[in-house]
Amino acid sequence: FWYPFLRNLPSLKDFKSHPLMFQRDLLAGTAFSRKLMLALNDVIKTAELHKDTFHLRTSDILWAYLILATRCFGVPREKVNINFSPERWPAPPLQAKETRVPGSLSSHLDVEELESFLVPYIDLINHNASPNLRMVITNNTIAVQSVYAIPKGSQLFLNYGQPKKSDLGMLLGYGFLPDQNVDLIPSAFVTTSNPNEIFEIFPDYAHPETQVFVTRIRAQLWALSKQEMGEITAGQTFTGTFDAKPISLENEMQTLELLRKLAVKALTMLPGLCSTDMEMLRGTNPLDPDLRTCILIRSAERYVLSWLIKLHDVCMPYLAKIRENQQNPLAPLERNDGKGDEEALRLLGVESLQDLDSRYRSYIAMVVVPLVRRIDAGDIDIDIT
């Protein structure tokens, strides 16, 4: 049972289109390249750790890493005691031979609740965001079941995790971009002040991943201010609960300044010009698929980094106006405690959120308006060790 499956697994050469196998110069200067290097460093460390015990080469570990990254399935933790029985696994049908319409579909499981497993033969089924199959997992079996009547001879598809997995997540995990997103990757990797801290963010503060990144910057600046005041010393570690709300007006202004600084620095490291990349993507001559993917990654990083700079430029004047009015006890903003969002916007000179650029509307609604209304994180529960 296992030998035919293992014998038919792809070789390292078959992964030539996976980002880990890209030419490094194609992604030079990008945070995506840094993300890949961190993964490769883990592979190298693992190879060094086990080279004497198992006589494994770095290429062996890299092959195993790519096999697991591209072919594993998430299985609920409570069902990990799975009994793989060879007689339960007939030769895989690559085309539909019969159809069966199941009952109601189960709800999606969170990634955190899953363990990763190789599932022989089911891993031959390709991805589609609108699949005609679903996985059915019980205590001792993993099977696939049709979600509607499938015509005989049709190709079978599973959903590999969209929309929960982003385009970049699909690219890193499985080595391909979804077909419906060939002209734009809507997110990008961005680093904090620590180059080993890399976050995927979207050009919209309403997106949870973007909030995580900005909140991380806030927390770092908060910790730095506490260190400067002697409340935290170098070498201490702390854990605390931070959410997407602003910590304070001063912290938020520092956050926007740092975001702009990081974005400007990252933009200067990207090779080539945006106009050149766009000409290549829109040109009539077909591009090598790997080159096209790298250009899309660069373009996405440029767009997201430019959005961070513009976020600062658009929203910093609002924060400056709040600070100006806080310093004047007779200013209208000082008498606005607890008032509604609409009045807070009017005091900033904005009649309606709909009047604002949609790319920055969510930040103004979720950060600027609460600061006008004196709604911030307040006391933060921090455990310092």
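In what kind of crossing does H6 pass H10, left-handed or right-handed? In this predicted model, the crossing of H6 with H10 is left-handed.

## The H6–H10 pair

Helix H6 spans residues 249-269 and helix H10 spans residues 358-372. Their axes come within 10 Å, and the crossing angle is roughly 145 degrees. On the H6 side, the residues that meet H10 are Leu-249, Glu-252 and Leu-256; on the H10 side, Tyr-363, Val-367 and Leu-371 take part. Sorted by class, this contact has five nonpolar residues, one charged residue and no polar ones.

## Overall architecture

The chain holds ten helices and ten strands. It comprises 385 residues, of which 39% count as buried. Its exposed surface is about 21,700 Å², with carbon and sulfur atoms supplying 53% of that area.

Considering contacts between residues at least 6 apart in sequence, 71% join residues at least 24 apart.

## Nonpolar cores

The largest nonpolar core has 72 residues. The members that touch the most others are Phe-213, Leu-308, Leu-319, Tyr-363 and Val-368. Helix H8 (residues 289-326) contributes the most to this core, with 16 residues. Tyr-363, one of those highly connected members, also belongs to the H10 side of the contact with H6.

Beyond its neighbours within four places in sequence, Val-368 is in contact with Tyr-318, Leu-319, Ile-322, Leu-348 and Tyr-363. A second core, separate from the largest, consists of 14 residues; among them are Leu-133, Ile-137, Leu-156 and Tyr-174.

Technical notes:
Residues numbered from 1 in each chain as written. Predicted model: local features only at pLDDT ≥ 70, side-chain atom pairs only at ≥ 80, totals over all residues. Heavy atoms only, no water. Axes fitted to C-alpha atoms, helices over the stretch in contact; angles between N-to-C directions. Helix = DSSP H or I, 4+ residues; strand = E, 2+ residues; numbered from the N terminus. Left-handed = near helix turned anticlockwise from the far one by under 90°. Contact = heavy atoms within 4.5 Å. Nonpolar A, V, L, I, M, F, W, Y, C, P; charged D, E, K, R; others polar. Buried < 20%, exposed > 50% of the residue type's maximum accessible area, 1.4 Å probe, protein only. Areas by Shrake-Rupley, 256 points an atom, 1.4 Å probe, with all protein chains shown as cover. Core = buried A, V, L, I, M, F, W, Y, C linked by side-chain atoms within 4.5 Å.
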